[in-house]
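The following exercises are to be worked through with the sequence and the structure at hand. Each task is followed by a stepwise solution.

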Amino acid sequence: MIKRYDLIVVGAGPAGLSAAIEAAKNGLKPIVFDENAKPGGQLFKQIHKFFGSKEHKAKIRGFNIGDELLREASENGVEVVLNATVIGLYDGKEVTVKIGEEILHYKGDSVLIATGASENMVTFKGWTTPGVIGAGAAQTMMNLHHIKPGNKVLMLGSGNVGLVVSYQLMQAGCEVVALVDAAPRIGGYGVHAAKIARCGVPFYLSHTIVEVTGAEAVNGVTIAKLDENFKFIEGTEKTFEVDTVCVAVGLSPMSQLLKQAGCEMKDTPGGFVPVCDDSGATSIPGIYAAGDVAGIEEASSAMIEGRMSGARIANYLGYLDEDALQARLAELEQALSSLRKGMFAPENRGKLVTKTEEGIDTSMSLLEKGYVADDEIEKYPGVTKGSGVHPVIECTQNIPCNPCQDACPKGCISIGSNITSLPVVKGDVACIGCGMCVASCSGQAIFLVEDDIGDGYGTVTLPYEFLPLPEVGQKGIALGRDGKEVCKAEVINVRSSTAFDHTHLLTMKVSTDMVMKARFFKAE
Amino acid sequence: MIDIQEKLKEIGPYVEAADDDVLVCRCEEVTKGEIRQAVHAGMFTMEEIRRYLRSGMGLCQGQTCGKLVKGIVARELKVSPLEIEPATSRAPMRPTEMRIMAQDGGGANE
Amino acid sequence: MSKMTADVIIIGGGVNGCATAYYLAKQGITDVIVLEANKSVGHGGSSRNGGGVRQSGRDMRELPYAMYAVNNMWPTLSEELGVDVEYYQRGNLRLGKTDAHIAKLEGMASKSRELGLNMNVVDAKTVKEICPYLSDEVIGASWCPTDGHANPMLTTLAYYKRALEMGVRFFTDAKVKKLEKVKGKLRKVILESGEVFEGETIIVAAGYESRYIARTVGVDVPLFKYFEEALVTEMQPHMFDIMLGTADADFYGHQAQHGSFVFGSDSGLEDGIDMDIDELKTSSLTVSAGCRAIMGYIPLLANAKIVRTWGGWIDMCHDGVPVISKVDEVPGMILACGFTGHGFGTAPAVGLMLSQMVMGKETVVDISALSYDRFKSVR
C-alpha cells in the first residue's frame, strides 16, 4: 500500500522543521525528508550569533538554534528521514524518494517544499581552477568537517554571507587578504564588515576578479577596479598571492520540484520562485513552499515562514479552525515583519539609505571601506563619553536587533519598542563594567571604555572570538577601526563565562588618547 | 509573438569578445562565446540554447550555470534576464543510478 | 515587423516545418513564414523523440521515402546544413527474447525485403557479434544495417538556423487560432493574439494541434494524442553506435555521440493518461519501469545515472501513418501531420516532398497513399 501522510516536508532545514513542528503541534502527522546525513540545513554551519529579538532567538548561535529545533521536532513526534532524496514531485502530491538502494513512493494530503537555495557562481578567467570555492562550501569544510579551506583567501562578495564567512575563515586560522565586491557599497550589515575591517582586512568595492591563476590549483588572483558600466579600468589591477578564492555572490532558490509539479512560478531578481501567498500556498492546492526556496532571506525569517505554512496546512486539512489560524498567523506575521524592517528591509534592497531613522547621516566610510571613520563615530547615540567605565555602542545602521537592551542588568541601554532603532546609552545610569552587553551583541559592536586608569592610560574591553586567547600581561598592538596600528597595547584582563557564550571579553590598556580609536588587539 | 528575423537585425551580428573562451557550463564544457554565437544564430530561449549546445544538460542539470547562461542570453538579446524564461525542471532532481531507479516496487506488477 | 504575407506559410516549427522551409528556400522560394506556437522552435515531438533514423519496421506506405531519406539525404545532411546533426548509420537491432518475438520480427523483415530493404532476422550469436553488451536472454533480433540515429534537437535547430540564414521568416510564440478562406481559396492564418498572416499556400504541420487548426476550415483528420516518455543517462564510455529496439516495443534507444544513452520508456499505462495537451508532466511510474526494461536488455547500464526524464505528445494517426497531402477541397492547403511517433527519421524526405508539392512538382517518391481523404467513403 502506498504510504500517505498528512504532510510531507521536503528539506529538514529551519523552514521545513519549523513547519513540521507547527503542524505536529496541531495534531498532524508530518514526515520530513532530507537528502543530507544531518538535519538542520545550513543552521549547523552558522557559528555566529543571530540578530533579532528574543522571539527570533537573537544572540544565540545558529548551530544552537539548530539543536533547539531538532529537540522540539522530536518532542512533537516529527518523523525526520535522513539520507532521503526527493527526486520527483508528481500529480496527486506524490513524491518519489531515493532512500538507500531503492525508490519509495509517498503521497501527502499536503506537501511543503523547503529545499532552500544553492550558491550562485560568477565566471572569470580561471574560475574552474581547484581552489575557487563557494562560501557555503568553505563554511561546510570549516564548521562541519573542521577542515581549513586554505591558508590565504580572497573573498568575492560583501553580502552577509561574504562578511560572515570571511570572519569565520579568520577564526579558522586563514588569512583573508581582501574582500572584493563589484558593487560600489558593502551589501551586508555594517557591523559584520566592521569586525573584519578592524582585523586589517582591506575592502575593495567597485572591484572584481580579472583572473585566477594556477594550473593545478589556485596560486594567485588579480582584481581590478570597475567603471560605472562595470568595465575594468586599465592600470588598476592588483594581484594577490592566494591559494583559495571564495565566492559569495548570492543564492538561488532550489525550486525545481515546484516547477516540475506545475506550480505557477515567477522570475525575480532574487531567483526563480513559486507564486505563493503569505503562508506559502502555491497555485496548486495543498502544495506549499517556505524558506529560501520561496525567496532568499535569513534563517530567522525561514523559521517563521515555516511556522506560518505549518499553521496554514493544519487549517487546510481541518486540524485548526479559521479563528485559531488567523490568531496564530497574526502573531507570526508580526514577528516576521519586525525582521523585515530597517535599512536592509526588502524594499531597500540595492538602495542607498542616506540617513538613519534618527536622521543621522549614514557613514559612507562604513559602506565603502567597511568601518566607520573615527571622526564620524561620535554622531551615533550609542557612542557616549563618561568618566568611569561605560559602554560604547558602535551600532550605526537600523537593523532589527535588540538583545543589548535586555543584556544590561542596570538598564543602561535602550532601544525602545521599535526594534530597528539605534541603541542609546543612558547617561544617568551607572555602568558596572560587567560586559554582558559586549557579549550579547551579535554584531560585536559594543565596547567598554574607561578613559583614565591613571598614568595616562585607559582601557578598552572588546569582544574576542579567536584562538589562541591572549593572556593577561601579553603585549601587542592596538588596531583601529580601519585595522591599522594605533598604539601599543597590553592585555590586562580576559574574561570568559558561560553567559558570554564563547565570546571572550578582552580588556587592553592603551594610552588615554587612543581609547576611542583602539578597537582590536593584535598580539606581537 | 516574436519576429526572429527582426530581432536578429535589432541585436546585430555576433562580435567576438575577449572573454569568449571562458567556460560557462562546466559539466558540458560550453563557453561564453558558443552561447553568444548561438543567440545570433537564432537560439533565443534557454530551451533552444541547451538543445543546441547541451549547456545545463549535464550532471548538475544547470544548477550552476543556468543563471549565468540566462545572463549571457539576455545581454545578447538586449533584454532583462527576467525576460528569459528558465529551462524546465525534470525529474530526477538528483542523478540516480538505473539499478536504484528500477527498485521502486513496481516490478512485481509487470 | 516584417511583412505578414508570404508565398508559403508553414504552421508548426517542428522538424518537418523547419525542413520544409529549408528545402523551399534551397529551391529559391524564400518568401516563407514559419509560425511556431511555442517560444522555442522544435518544442514538440521534434525535441522529445529518441532520434531513430529507421527504415525497418516501417509501414509499406512509408518505407519508400524512409529509404529515400537514408539513401539520399541523411549521409550528407550535416555538411549541407553546416551543423553536425550527429548522424550514425550503424544499423538497427530489434531484439527478441521469445519465439513469438522472433516470429513477429520475421514477418516485418520479409515484408521489408519485398520493397528492397536489407533486413534479416539474425541469431543470438550474431546479435552478440553486432553488440556484445546485450543480455544473454536475447535469442535473436532483426537486423537492418542501413538504419541509424541522429540528434533530433540539433537536426531541427540546424534546419531552422539554415532556413533563417536563407531568409525564411520565423515567428515564435505565435499560436494559431484559425484559418480562413478568401474567395474559395485558403488564405488567412489568424493567431490567438489577433495577428493575421496571409499566404498563397498554407502547410499545417503542427502535430496533434493540426487537428484543431484544420477543423477551422472543415477538414477533420482522425488523430489522437498519446503521451510518451524518455530518459537520458549521464555520459558513459563509448559502447556502441547502433540503434536498439525490441519486438515488444518496451523500449528503444541509442548511445548519443556525447556518450549519454537516450531511451524511450513507458509504464504500460499510457492509454489511461488524462492530461491536457498543454501539459508535459511525466508520471511517477514510467522512469522506473523504463529502467527495468533497459537493464533487462543491457545489464551493464545498471550503474549509469539517469539525469533527466521528459515526455511529449505524439500525434497518432488512425491507421499508423501520417497524412501528407494537398487538400483538394480547400485549395492552397497542405496537411503534414499524424506522424505517429516516427516522423523524425523521415523529416528530410517529408520536408523535400512538401516543398515539391508547394512548387507543383512531382514528389521524389509516390505518397498518394498518405492522402488526407483515405478515411472517407467517397474517393
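**Exercise 1.** In this predicted model, determine how much area chain C and chain A bury between them, and which residues of chain C supply most of its share.

*Solution.* Step 1: the two chains bury about 520 Å² between them. Step 2: carbon and sulfur atoms account for 49% of that area. Step 3: on the side of chain C, 76% of the area buried against chain A comes from Lys281(C), Thr282(C) and Ser284(C), more than from any other three residues. Step 4: counting contacts, with heavy atoms within 4.5 Å as the cut-off, 5 residues of chain C meet 8 residues of chain A.

**Exercise 2.** Establish why the radius of gyration of chain C agrees with that of a compact globule.

*Solution.* Step 1: chain C has 379 residues, and for a compact globule of this length a radius of gyration near 21 Å would be expected. Step 2: the value for chain C is 21 Å, and therefore the two agree. Step 3: the C-alpha trace of chain C spans about 65 × 40 × 40 Å along its principal axes. Step 4: 61% of the residues of chain C count as buried, where buried means under 20% relative accessible area.

**Exercise 3.** Describe the secondary structure, the contacts and the charges of chain C.

*Solution.* Step 1: chain C contains 10 helices and 18 strands. Step 2: of its contacts between residues at least 6 apart in sequence, 73% join residues at least 24 apart. Step 3: chain C carries 38 positive and 46 negative side chains, and the centres of these two sets are 4 Å apart. Step 4: chain C exposes about 13800 Å², with 49% supplied by carbon and sulfur atoms.

Key:
Residues numbered from 1 in each chain as written. Chains lettered and ligands numbered in written order. Predicted model: local features only at pLDDT ≥ 70, side-chain atom pairs only at ≥ 80, totals over all residues. Heavy atoms only, no water. Helix = DSSP H or I, 4+ residues; strand = E, 2+ residues; numbered from the N terminus. Rg over C-alpha atoms; globule rule 2.2 N^0.38 Å. Buried < 20%, exposed > 50% of the residue type's maximum accessible area, 1.4 Å probe, protein only. Areas by Shrake-Rupley, 256 points an atom, 1.4 Å probe, with all protein chains shown as cover. Lys, Arg positive; Asp, Glu negative; His and termini not counted. Charge placed at Lys NZ, Arg CZ, Asp CG, Glu CD. Buried area = accessible area lost by both parts, 1.4 Å probe.
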